[in-house]
There are 2 protein chains.
Amino acid sequence: VEARLSPDLAPEETDFILYAPGGPLRDFSPYVRARAVLSLWAGVERILGEPTLTQPLVRMVEDGLRQQMREWVAGQVLRHHLGLDAHIRRRDPVWNPVVPPPAPERPVTVLGLGVLGGAAAATLAQLGFPVTGWSRSQKALPGLVRCLAGPEQLSAALRTAQILVLLLPLTPETENLLDARRLAELPRGAVILNPGRGALIDDAALIAALDSGQVGHATLDTFRQEPLPPDHPFWFHPRITVSPHVAAETRPATAAQAIAANIARSLRGEPLMHLVDRRRGY
Amino acid sequence: VEARLSPDLAPEETDFILYAPGGPLRDFSPYVRARAVLSLWAGVERILGEPTLTQPLVRMVEDGLRQQMREWVAGQVLRHHLGLDAHIRRRDPVWNPVVPPPAPERPVTVLGLGVLGGAAAATLAQLGFPVTGWSRSQKALPGLVRCLAGPEQLSAALRTAQILVLLLPLTPETENLLDARRLAELPRGAVILNPGRGALIDDAALIAALDSGQVGHATLDTFRQEPLPPDHPFWFHPRITVSPHVAAETRPATAAQAIAANIARSLRGEPLMHLVDRRRGY
C-alpha cells in the first residue's frame with residue numbers, strides 16, 4: 001500500500017481513517033470520501049456512540065493483540081491453578097508443600113470465542129485444561145474445546161468453571177452479564193479473570209460474592225472507569241488483583257501490517273475484514 | 001499385569017521392587033530374584049548411592065509428572081515474563097500500566113532436554129517464546145526449539161537466556177554447574193527457575209549474583225536440603241521465591257499405569273524402559 005499518512009489530511013482527500021477513542025477527531029461528517037474508519041482498539045463500544053461516525057467501521061484484529069492475550073490468560077490461569085500467590089507473598093520460612101491437581105482436573109470456561117477468546121481457549125486446552133467455551137452464536141474451535149452457545153447454555157458453561165475467563169465484547173446484551181444470579185451459578189470458590197471489559201460484571205455483586213466466598217478471587221484487567229479511581233474498593237479488596245489494563249495492547253509492528261493488508265483488500269475491490277455489525281454491537 | 005503387592009514380600013518371592021528414598025528397605029542384597037528396582041521419583045541421585053542396590057534401576061517417567069512440570073514451568077515463566085508480582089504484591093492504588101513485550105521477544109533457555117525438560121521446552125515454544133534447549137548430548141525436539149549440546153555450547157545457551165529453566169539430572173558433572181562464572185554469562189537481570197535439583201546451583205554464587213543485580217530473580221523449587229531449613233538465607237532474600245518442591249510429584253493414577261506397562265514389557269521378555277545408566281548417573 002502506498003499511502004500518505006497525516007493527522008491533518010483534508011477531509012475531502014481522506015480515504016481511510018485510523019482512529020482510537022479520545023483522539024482529536026470529533027466530527028466524521030466532512031469525511032464523505034472515507035471508505036472506512038479503522039479502529040486501533042479491539043473493543044469498539046465507545047466508538048459506536050459517535051453520532052457522526054456513519055462510515056463502515058473496522059475492529060482491530062492483529063496477531064500482536066492475540067499473542068499477548070494468549071500469554072496473559074495462560075499466565076493468570078496457571079497462577080491461580082498452581083496457587084503461586086502463596087509462594088510469592090510468603091513472609092515466614094514455612095515449608096508447606098501442597099501440590100495442586102494437574103490441569104486435566106481443573107475445568108476452565110471462556111466466555112466469548114472471538115479472535116481473542118478463541119485463541120485463549122485453544123491455548124488453555126493445549127496446556128491440558130478441560131476448556132468450555134461459550135459464545136452468543138455456535139462456534140466450532142479446533143482441538144479439545146467444548147463449545148456452548150446462547151443464553152440457554154450459559155448456566156451449563158458457568159456451572160463447571162473453576163476458573164472463568166471473560167472475553168466478550170461489551171454490548172447492551174453483555175453489560176452486567178455477570179450479576180448476582182450468574183455469579184451464584186459458579187462452583188463455590190471459583191476464580192474470575194476479566195481481560196474483556198469492566199462492565200461485563202456488576203461491581204457490587206462481585207464484591208458481595210467475594211465477601212461471601214462464593215467467588216474465591218477476581219483478577220481484573222478492565223474496569224468501568226480507567227484508570228481505576230484511587231478510592232475504588234477493588235484496589236483494597238484482599239481477593240481482587242488489579243491488573244492495570246495491560247493484558248494486551250495494539251502493537252504498532254503487527255497492527256500496521258494488519259491495517260495495510262485490510263486497506264490493500266479494499267483497494268483491490270475486496271470487502272474489508274472485521275467490519276463491525278452495528279446492530280450486534282461488535 | 002497380575003501382581004501381588006505388599007510391603008513385606010519375602011525377598012525370594014519378589015520380582016520387582018517399587019522404591020523411593022527414605023523407604024524402609026535398606027538392604028537390597030537378599031532380593032536375588034528381583035528383575036528391577038523401579039524408582040517412584042524421576043531423580044535417582046540419592047538411590048544410586050545405595051551400596052547393595054545392584055539390580056537394574058528404572059527412573060520414574062510418567063505422564064502426570066510431565067504434565068505438572070509443563071504447567072509449573074509455563075506458569076512461572078509467564079509470571080516473570082508478564083511481571084505479575086507487581087500486581088499481586090501491590091498495596092497502594094497506583095495505576096501503572098506497563099505492558100511487557102510479547103513472548104516472541106523474550107528468549108528462554110531450558111537446560112536439560114530429557115522427558116521433563118523436553119516437554120517444558122516444547123510447551124514454552126507453543127506459547128510463543130523463542131526457546132533454546134541445551135543437553136549433554138545432541139537432541140532434536142519437534143517444533144521451534146533450538147537445540148544446543150555439550151560443554152562447548154553451554155555459554156551460547158546461557159548468553160541469550162532472559163529466563164533460564166534448570167531441568168538437568170544431578171550428576172557429578174552437573175553439580176554446581178551454575179557457579180559464579182556461568183551466572184556471569186547470563187544477560188544482566190536474567191530470571192532463574194530451578195525445578196530440577198537444588199545442587200545444580202552454587203548457593204553462595206546465586207546470592208551474590210542476586211545482590212549485584214546480575215540475576216534479577218530466582219524461583220527455586222528444589223534445594224540441597226529439603227525441607228529448606230528455616231534459617232536458610234533463601235527464605236529471606238527479596239529476589240528469591242521459595243516454591244516448596246511442588247512443581248511436580250509422581251501421581252499414583254498415571255504412575256501406576258506407567259509401572260504396570262513397564263513390568264508387562266519385562267514379563268513379555270522386552271527390555272525395561274527408562275533404565276538408569278549408572279556410569280552416566282541418570
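**A two-chain model, from one serine outwards**

Hi everyone, let me start with a small detail: a polar atom in the side chain of A:S39 lies 2.9 Å from the backbone oxygen of A:W41. Before going on, a word on the ground rules. This is a predicted model, in which local features need pLDDT of at least 70 and side-chain atom pairs count only at pLDDT 80 or more, while totals for chains, interfaces and linings use all residues. Side-chain values use heavy atoms, with hydrogens and water left out, residues are numbered from 1 along each chain as its sequence is written, and chains are lettered from A and ligands numbered from 1 in the order in which they are written.

Back to the serine. A:S39 belongs to strand β2 of chain A, residues 36-39; helices here are DSSP runs of H or I with at least four residues, strands are runs of E with at least two, and both are numbered from the N terminus. Is A:S39 buried or exposed? A:S39 counts as buried, because its relative accessibility is 1%. For that term, buried is under 20% relative accessible area, exposed is over 50%, and partly exposed is in between, with a 1.4 Å probe and protein chains only. Setting aside neighbours within four places in sequence, A:S39 is in contact with A:Y19, A:V44, A:I47, A:V58, A:R59 and A:M60, where contact means heavy atoms within 4.5 Å.

Next, helix α6 of chain A, residues 203-212. The buried residues there are A:D203, A:A205, A:L206, A:I207, A:A209 and A:L210. Which elements help to cover them? The cover includes α5 (180-183), β8 (190-194), β9 (215-220) and β10 of chain A. Both ends of the helix are worth a look. At its start, a side-chain oxygen of A:D202 comes within 3.1 Å of the backbone nitrogen of A:A204, and just after α6(A), A:G213 has a positive phi of about 85°.

Now to the pair of chains. Chain A superposes on chain B by a rotation of 180° with 0.0 Å of shift along its axis, at an RMSD of 0.0 Å; the fit is by least squares on C-alpha atoms of residues with pLDDT of at least 70 in both copies. The two copies are therefore related as by a two-fold rotation axis. Which C-alpha of chain A is nearest the axis? That of A:G75, at 2.8 Å. Both copies use the same surface, with 100% of the contact residues of chain A recurring in chain B.

How much is in that interface? The contact takes 52 residues from chain A and 52 residues from chain B. Between them the chains bury about 4,200 Å², 69% of it on carbon and sulfur atoms; buried area is the accessible area (1.4 Å probe) lost when two parts are put together, summed over both. A:E71, A:I88 and A:W95 supply 19% of what chain A buries against chain B, more than any other three residues.

On the polar side, 14 residue pairs are in polar contact across the interface, both residues at pLDDT 80 or more. A polar contact is a pair of N or O atoms within 3.5 Å; within protein, one must be able to donate a hydrogen and the other to accept it, and residues adjacent in sequence count only if both atoms are side-chain atoms. On the side of chain A that touches chain B, α1(A) has the largest share, twelve residues. That side divides into 27 nonpolar, 13 polar and twelve charged residues.

There are also two salt bridges between the chains, a salt bridge being a side-chain nitrogen of Lys or Arg within 4 Å of a carboxyl oxygen of Asp or Glu. A:E105 and B:R251 meet in a salt bridge at 3.5 Å, N to O.

Let me finish inside the chains. The whole structure has 24 salt bridges over all chains. One of them joins A:R66 and A:D63, with the closest N and O atoms 2.2 Å apart. These two are three residues apart in helix α1 of chain A, so about one helical turn separates them. A:R66 is partly exposed at 29%, and A:D63 is partly exposed at 47%. Another links A:D85 with A:R89 at 3.9 Å; A:D85 is buried at 14%, whereas A:R89 is partly exposed at 42%. In chain B, B:D277 pairs with B:R279 in a salt bridge at 3.7 Å, and B:R279 is exposed at 79%. Finally, salt bridges that share partners join A:R79, A:D85 and A:R89 into one network. Thanks for listening!

Technical notes:
Ala, Val, Leu, Ile, Met, Phe, Trp, Tyr, Cys and Pro count as nonpolar, Asp, Glu, Lys and Arg as charged, and the others, Gly among them, as polar.
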